[in-house]
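Reader: I have a structure open and would like to go through it piece by piece. Can you take my questions as they come?

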Amino acid sequence: MKRIYLTFIISICFAYSNIFAVETKGKILGQVIDSKTNAPMEFVSISVNKQNTTGSVPLGTVTDKEGNFIIENISFGTYSLTVSFIGYTPFEKTVTLSSASSIVNLKKVPLAENATMMDEVKVVGMKTQMKVDIDKKVFAIDQNIASTGGSATDVLSNVPSVEVDNEGGISLHGNSSVTIWINGKASGLSADNQAQVLEQLPAESIDKIEVITNPSAKYSPEGTAGIINIVLKKDRKAGYYGSLQAGVDSRGGYNASANYNYSSSKLDAYASVNYHNRQMVGGGLTNRLNLSGSDTTFLNQVNSRTGSGSHAFTRVGMTWHITPSDQFSVDAFGMFGNGNNRNTVDYLTDVTNSFASRKRITNSDDKMTGGDIDLGYKHEFGKDHYLDFRVSYNKWGMDGTSVYDQSSIYVDNRELLSYQRQENNINNHNWEIQLDYQNKINDNTKIEAGYKSTFSRENSPVETFSGPTETESYPETDLFNRFIYNMDVHALYGTYSGHIDKFGFQVGMRGEYSDMITWSPGYNQTREDVDSYSNDYFSLFPSAFLTYTLPKENQLQASYTRRISRPWGGQLNSFVNITDSTNISFGNPQLSPQFSNAFELNYLKTWEKHMLSVSGYYRNTNDVIQNINYLEDNVMKTTYENITRSASAGSEVVIKDEFFKILELTTTVNAYYYKLEGFSYLPEGGTKPITGDGSNDFTWDARMIGNFKMPKAYSLQLTGNYNAKQIIAQGYQKAGYTMDAGLRKSFDKISISINARDLFDSRKRKTFTSGTGFSQYSERWRGGRQFGLTVTYSFGNMKPKKADKVQSQQQDVGGGYGVDNN
């Protein structure tokens, strides 16, 4: 009876929301044709600008393959409409929307070719690099000259609000609990393989980066900091087109790529292949003081690393438009690569009964294969009313062999040699099944609902051989580890969106059932011989968004979401890694997920050539997973625990300016306060608790990107970044800065790019940590200064100059400064 009553109440509320909805907006639609041939014209720019106002940003769109266009949600008033395409005389018309005439249908709009313009016009310039919406930020990667010829890691290091450390770890607003997607899904990326995959993903295959700090219930709640979505290129323009690219860098690395696209009314298809050879350098140092009563000893180490890697990345896909309402798609990508690294570490110490000096040389050879295939079917019932079903499978494998040669010298001049070989094979695969439904019932009401299941499997055996030398080595049964990790997540979600006058709102709820089990059999053991750890739980993730449109192109949005960060494989693996006897690490299979409540307030103001975005946020997190370091018998031990709570608050300011038609400047400033409560941790079998003092700190970072449109088709880009001192677990990270630059020259079908990364050789991470019985300072660096040269040749029959200009107009007119009218 209660269910029937609840259903009745919801139905009444839904009916009233439609009855009392006040219609204050209209739409303009039509079809653009060539005046001579009467053929529909695709990619024509449509601009609508309100009359008798100053500082307003035009609304806009482009025509589809049939020449049709529609612009909705336009406030009542009188507007100037302009229809334009390079090489054609613009069409202009005044239109008025009112309650008596809320729909203006222009029917057929003829454009006449302008022969003079066709002969004289030459489009030279850059699309806007950063598009800011009220709820997300989008970065166009083809405009990031400094990353040309690089990897996804290089791209992300130049995205505002995103930080990349020297080990390839990604964080957002200073929070490493961020989810990385490829094409809107995890695609098998996890904390275990994320750095390696992103290092192999070529920059030229990426279309854009989307940063969503507070996603709605429609999206996975994984990652307390938000989502970074890497969108791969998949253009759809009439005809065939493609490009060839080749490049070299100052370290001896090189790259080459080719891509081809074809599109017609029935079939869209694409294929691409990329090959990269990278030469890598890195290094660091650690100075540790061991504090035991009145005695103080030291352990210092200096390390240097060199390496190289060769990687191939290929993509292929097609979309078959079965009917005007039905389409079937297949998309796949694969990675194949290998690499080798040599790491040399020199130790010095005065610890009693220990070596005096030691040299440890590690040679690693790694092989990585992986890929993803995605099958999709979409049925459109009408405009903004569809059902989308997708099934995807991905598999990743990383097979590595590391050889450790070590020489230790003692105070009595004795030398002790040791040898270790470790074979590590990480294998994981995932299935994802997803069904999404959307129905925009009217201009004021939209509902979304969906289901998603993810099945993740990981099997990672590690085998170690030890001895004085290679010929005398034997299997170390105590160092054998096979980590097996299974995680299933089933989710249902629903959202309801609406408009009431100048207010917009969206409420949503997502429910997820998670089932995790892990076990770690030893040498010659089976699952029945060891204990397994399991954890299943159901969680609810509500979301709420409220938007208010202020006069003169101002927008204000408040939002709330609940999010989760589940422990990853390396944190759960109980295996005790003693390959380095001075630094022993092990995971904790009994870790629980950490949950966060996230609140955001966003403000957006646009002018004709300027944009201001201000965001404020607050997040509190319970059961924070902390990396715990403690000294035991002069050996540093590292593990993970849910031991404390944290809170963070901050503000992000984004300012976009265009000066004198030659300079586009994007400035991003993040300022945030972080508080980490103190903790007390008693190691298993220990008698003395390990304590960590609470900490709180205010820190900030800033990034400025300058794009210069220069004469004779030159484009110059400078990117500067500064990170202030930042609090980390048991210590702090020192302030740092970087500078990148890029120069591009465009010809008819060829462009040449020269870039410089880390111009001042300053991309280093410097940290200080302390705890019970120790204090430690360390530096880590990877890469260093590097120069690159890339040449790109474009071909095709789809009149690239026209299409490129239209795309630029679409970004700048149709919301390039953040106004999303849909």
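Author: What follows is a walk through some strands, a few single residues and the aromatic pairs of this predicted model.

Reader: Start with the sheet that holds strand 1. In what order do its strands lie?

Author: The order is 4-1-7, in an open sheet of 3 strands with mixed pairing.

Reader: Which strands stand at the edges?

Author: Strand 4 (68–75) and strand 7 (103–111) do. Each has a single partner strand, so one side of each is left without a neighbour in the sheet. On average, neighbouring strands of this sheet are turned by 20 degrees against each other, direction ignored.

Reader: How do strand 1 and strand 7 run, and how many bridges join them?

Author: They run parallel, and 7 bridges join strand 7 to strand 1, which covers residues 25–34. One residue pair to look at is K27 with its bridge partner I103 in strand 7.

Reader: Where is K25, and what does it touch?

Author: K25 is found in strand 1. Not counting residues up to four places away in sequence, K25 touches N73, I74, S75, F76 and S102.

Reader: How far apart are K25 and S102?

Author: In sequence they are 77 residues apart, and in space 6.9 Å, C-alpha to C-alpha.

Reader: Buried or partly exposed, that lysine K25?

Author: K25 is partly exposed, because its relative accessible area is 24% and the cut-off for buried is under 20%.

Reader: Change of topic. How many residues of strand 14 are buried?

Author: Strand 14 spans residues 226–232, and 7 of its 7 residues are buried. G226, I228, I230 and L232 point one way from the strand, while I227, N229 and V231 point the other way.

Reader: Which way do strand 12 and strand 13 run against strand 14?

Author: Strand 12 (residues 178–182) runs parallel to strand 14, with 5 bridges between them. Strand 13 (residues 206–212) runs antiparallel to strand 14, and 6 bridges join that pair.

Reader: What stands opposite N229 and I228 there?

Author: W181 stands opposite N229, and V211 stands opposite I228.

Reader: What about S220? Where is it found?

Author: S220 is in the loop between strand 13 and strand 14. With 16% relative accessibility, S220 counts as buried. A polar atom of the S220 side chain lies 3.2 Å from the backbone nitrogen of E222.

Reader: And which residues is S220 in contact with?

Author: Leaving aside neighbours within four places in sequence, S220 is in contact with W181, I227, R510 and R563.

Reader: On to the rings. How many aromatic pairs are there?

Author: The structure holds 17 aromatic pairs. One of them is W181 with Y219: the ring centres are 6.2 Å apart and the planes are at 45 degrees, so the pair is tilted. This pair links distant parts of the chain, with W181 in strand 12 and Y219 in the loop between strand 13 and strand 14, 38 residues apart.

Reader: Are W181 and Y219 buried or partly exposed?

Author: W181 counts as buried, at 7% relative accessibility. Y219 is partly exposed, with a relative accessible area of 33%.

Reader: What do Y732 and F768 look like as a pair?

Author: Their ring centres are 5.7 Å apart and their planes are at 35 degrees, so this pair is tilted. Y732 is in strand 39 (residues 731–733) and F768 in strand 42 (residues 764–771), 36 residues apart. Y732 is partly exposed at a relative accessible area of 27%, and F768 is partly exposed at 28%.

Reader: Which residues do ring pairs link into a cluster?

Author: F313, F333 and W396 are linked into a cluster by ring pairs.

Reader: Which residues lie over the face of Y386 and Y410?

Author: K378 lies over the face of Y386, 4.3 Å from the ring centre. R414 lies over the face of Y410, at 4.4 Å from the ring centre.

Reader: Last one: how many bridges join strand 22 to strand 21, and how many to strand 23?

Author: Strand 21 (residues 385–409) and strand 22 (residues 415–442) run antiparallel with 25 bridges, and K395 stands opposite H429 in strand 22. Strand 21 and strand 22 form a hairpin with 5 residues between them, and N413 in the turn has a positive phi of about 70 degrees. Strand 22 also runs antiparallel to strand 23 (residues 445–467), with 21 bridges. There the hairpin goes through 2 residues, and the bridge partner of K440 in strand 23 is K446.

Methods
Residues numbered from 1 in each chain as written. Predicted model: local features only at pLDDT ≥ 70, side-chain atom pairs only at ≥ 80, totals over all residues. Heavy atoms only, no water. Pairing = 2+ DSSP bridges. Helix = DSSP H or I, 4+ residues; strand = E, 2+ residues; numbered from the N terminus. Axes fitted to C-alpha atoms, helices over the stretch in contact; angles between N-to-C directions. Buried < 20%, exposed > 50% of the residue type's maximum accessible area, 1.4 Å probe, protein only. Contact = heavy atoms within 4.5 Å. Polar contact = N/O pair within 3.5 Å; in protein donor to acceptor, adjacent residues only side chain to side chain. Phe/Tyr/Trp six-rings, centres within 6.5 Å; stacked < 30°, edge-to-face > 60°. Lys NZ or Arg CZ within 6 Å of the ring centre and 35° of its normal.
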